[in-house]
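Dear colleague,

I am handing over the structure we spoke about, and below it you will find an account of what was found in it. Please read the notes with the structure open beside you.

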Amino acid sequence: MAGDQVHVLSALDGAKTQWYHFTAIIVAGMGFFTDAYDLFCISLVTKLIGRIYYTVPGSPRPGSLPPTVSAVVNGVAFVGTLSGQLFFGWLGDKVGRKSVYGMTLMLMILCSVASGLSFGNTPTSVMATLCFFRFWLGFGIGGDYPLSATIMSEYANKRTRGAFIAAVFAMQGFGILAGGGVAIGITALFRDLFPAPPYAADPAASTPAQADYVWRIVLMLGALPAALTFYWRMKMPETARYTALIAKNAERAAADMSKVLQVEITKEQAGDLETVITIKSHTPLPSFGLFSGEFVRRHGLHLVGTASTWLLLDIAYYSQNLFQKDIFSAIGWIPPAPTMSALDELFHIARAQILIALCGTVPGYWFTVAFIDSIGRFKIQLMGFFMMTAFMVGLAVPYDYWTGQGHQAGFVVMYALTFFFANFGPNATTFIVPAEIYPARLRATCHGISAASGKVGAIIGSFGFLYLAQSPDPAKTAHGYHPGIGVRYSLLVLAGCSLMGFLFTFLVPEPKGKSLEEMSRETERSDQEQTSSSPATNNAIRGAEQKR
């Protein structure tokens, strides 16, 4: 109820957009830049790693990662991310957002460097240490999801809160571009310094020894953006909402708000806030936990909605994104591997990824930033899931036509549009909404649960699609794989996931234009709590707040 709100926090909701907001977007956004770079660059270098460590002498085809190794290399960071989302989400609610924000970035920096320094010179030792460090890299990346979203939502004003959180998430698009750009730049340099013939002409010489440095450099450079923002992240103050509503330190909350809003909050105003908090700390307002019946009544369906939509979105999104190089190969957009050297193949895969990012991924993110506070989260998510379903069906049903000679460009356009509406749709909104609709003391935890559900979807996509997309003809499957259902029917499966995401969206409320306390019902007591509170306590709370 309005009378039970801590009114000083309304200054955050009504604040004008200031320079500090943009600083927070950049500092938090560079974490997602690093996240996207690290998670997606592995898809660029897996074929190069396969050529270096798994080429069989005398084979007519270049080496590739065995199915199990490929699944583990692609999926291990997701397992770490899932674990980090749950752990750091819980920890951020227990000890504060700022207290653990630097820990996640430090993990990213150290493990990005260590990923490129994989020990040993045998395939087993290199892959084992690479997977070990990428798990812990994912653990740090996972923590960035609930913490960055929660921090940005608690700093932002309610009028542009959606755009601010979306802008943080949109830095992923630039991270994907950077991953492709770095791969192209490093590859071009090494191709000039160490030219090599195609595999068909000279299998041994097609992969120069120096190519082993290329994938390591690409992975290690993921530490750079994180390192550049570490100092500024450590300088960010704790969010005023955490300090006021959870730590119950009114004086500190007022001081932190003064820094963020560039306004002076007097000692008398801080004292009024202290009075409200002190009185409320002695009342059961509200005291329910994550596993309580009260939470289930208020937010149970919301948590089902945010977790299920993120799960279904990531099954479709990551299965396409991680293995888009295989789709491009299937339609002939990337030349057959034997006709290229190892570095040529990496160059072509990186170029294809940049094209998709430029045409679909990056514009989709920034369309969300531009329109989310006018159209609303709910409508954008519904539209995105619907359009993803339509375009996947449009790719799958006439799949033979799209893969025919001269039609590849149309396939790429349709494929790019699925990414556009994923990012101008549920890929952004599933990240934004969980940071807006849960109580402050459970906000990071519930965001972490929703995000971890999404990473379960990413694991299903990265493992499942790897096998499902194999040709049903045993003669056409990739080396070491069993026949699957093919790309066409895999796309139909992903269209079904998108359709289910459309339906589960109806469980998610619309936070547009509402304060976090209003959306989360932060200060609304249950009927039992209202009955048990004495009139004197209620009068004391109202009196302290009316002085505001």
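**Salt bridges around R377**

D373 counts as partly exposed, with a relative accessibility of 21%. Please keep in mind throughout that this is a predicted model, and that the values given here were computed from it. D373 is joined through its side chain to R377 in a salt bridge, with 3.1 Å from N to O, and R377, in contrast to its partly exposed partner, counts as buried at 1% relative accessibility.

R377 also takes part in a salt bridge with E436, where the closest N and O atoms are 2.6 Å apart. That pair links distant parts of the chain, since R377 belongs to helix α15 (residues 377-396) while E436 sits in the loop between α18 (426-432) and α19 (443-468), and the two are 59 residues apart. E436 is itself buried, with a relative accessible area of 0%. Elsewhere, salt bridges that share partners bring D93, R97, E154 and R443 together into one network.

As for helix α15 itself, its 20 residues reach 28 Å from the first C-alpha to the last, which is close to the 28 Å expected at 1.5 Å a residue. Its buried residues include R377, I380, Q381, L382, G384 and F385, and further along the helix M388, T389, F391 and M392 are also among them. Following the chain into the loop between α15 and α16 (399-402), one comes to P398, which is partly exposed with a relative accessible area of 30%. P398 and R488 are 90 residues apart in sequence, yet their C-alpha atoms are 8.6 Å apart in space.

**Helices α2 and α14**

The structure holds 15 salt bridges, and one that deserves a separate look is formed by R51 and E345, whose closest N and O atoms are 2.9 Å apart. R51 lies in helix α2 (residues 19-54) and E345 in helix α14 (residues 342-375), so this pair ties together parts of the chain that are 294 residues apart in sequence. Both ends of the bridge are covered: R51 is buried with a relative accessible area of 3%, and E345 counts as buried at 6% relative accessibility.

How do the two helices, α2 and α14, lie relative to each other? They pack at an angle of about 160°, with their axes 9 Å apart, and because angles over 145 degrees count as roughly antiparallel, α2 and α14 are roughly antiparallel to each other. The crossing in which α2 passes α14 is right-handed.

**Helix α6**

The remaining item is helix α6 (residues 161-193), whose 33 residues should span 48 Å at 1.5 Å a residue, and whose end C-alpha atoms are 49 Å apart, in agreement with that expectation. Even so, α6 bends by about 30° at V168. This helix is mostly covered, as 24 of its 33 residues are buried.

If you would like a place to begin, I would suggest R377, which can be followed to D373 and to E436, before turning to the bridge between R51 and E345.

With best wishes

Technical notes:
Residues are numbered from 1 along each chain as its sequence is written. This is a predicted model: local features need pLDDT of at least 70, side-chain atom pairs count only at pLDDT 80 or more; totals for chains, interfaces and linings use all residues. Side-chain values use heavy atoms; hydrogens and water are left out. A salt bridge is a side-chain nitrogen of Lys or Arg within 4 Å of a carboxyl oxygen of Asp or Glu. Helices (H or I, at least four residues) and strands (E, at least two) are DSSP runs, numbered from the N terminus. Buried means under 20% relative accessible area, exposed over 50%, partly exposed in between (1.4 Å probe, protein chains only). The expected span of a helix is 1.5 Å times one less than its number of residues. The bend at a residue is the angle between axes fitted to the seven residues ending there and the seven starting there. Axes are lines fitted to C-alpha atoms, for helices over the stretch in contact, and angles run from 0 to 180 degrees between N-to-C directions. Angles under 35 degrees count as roughly parallel, over 145 as roughly antiparallel, 65 to 115 as roughly perpendicular and the rest as oblique. A crossing is left-handed if the near helix is turned anticlockwise from the far one by less than a right angle, and right-handed if clockwise.
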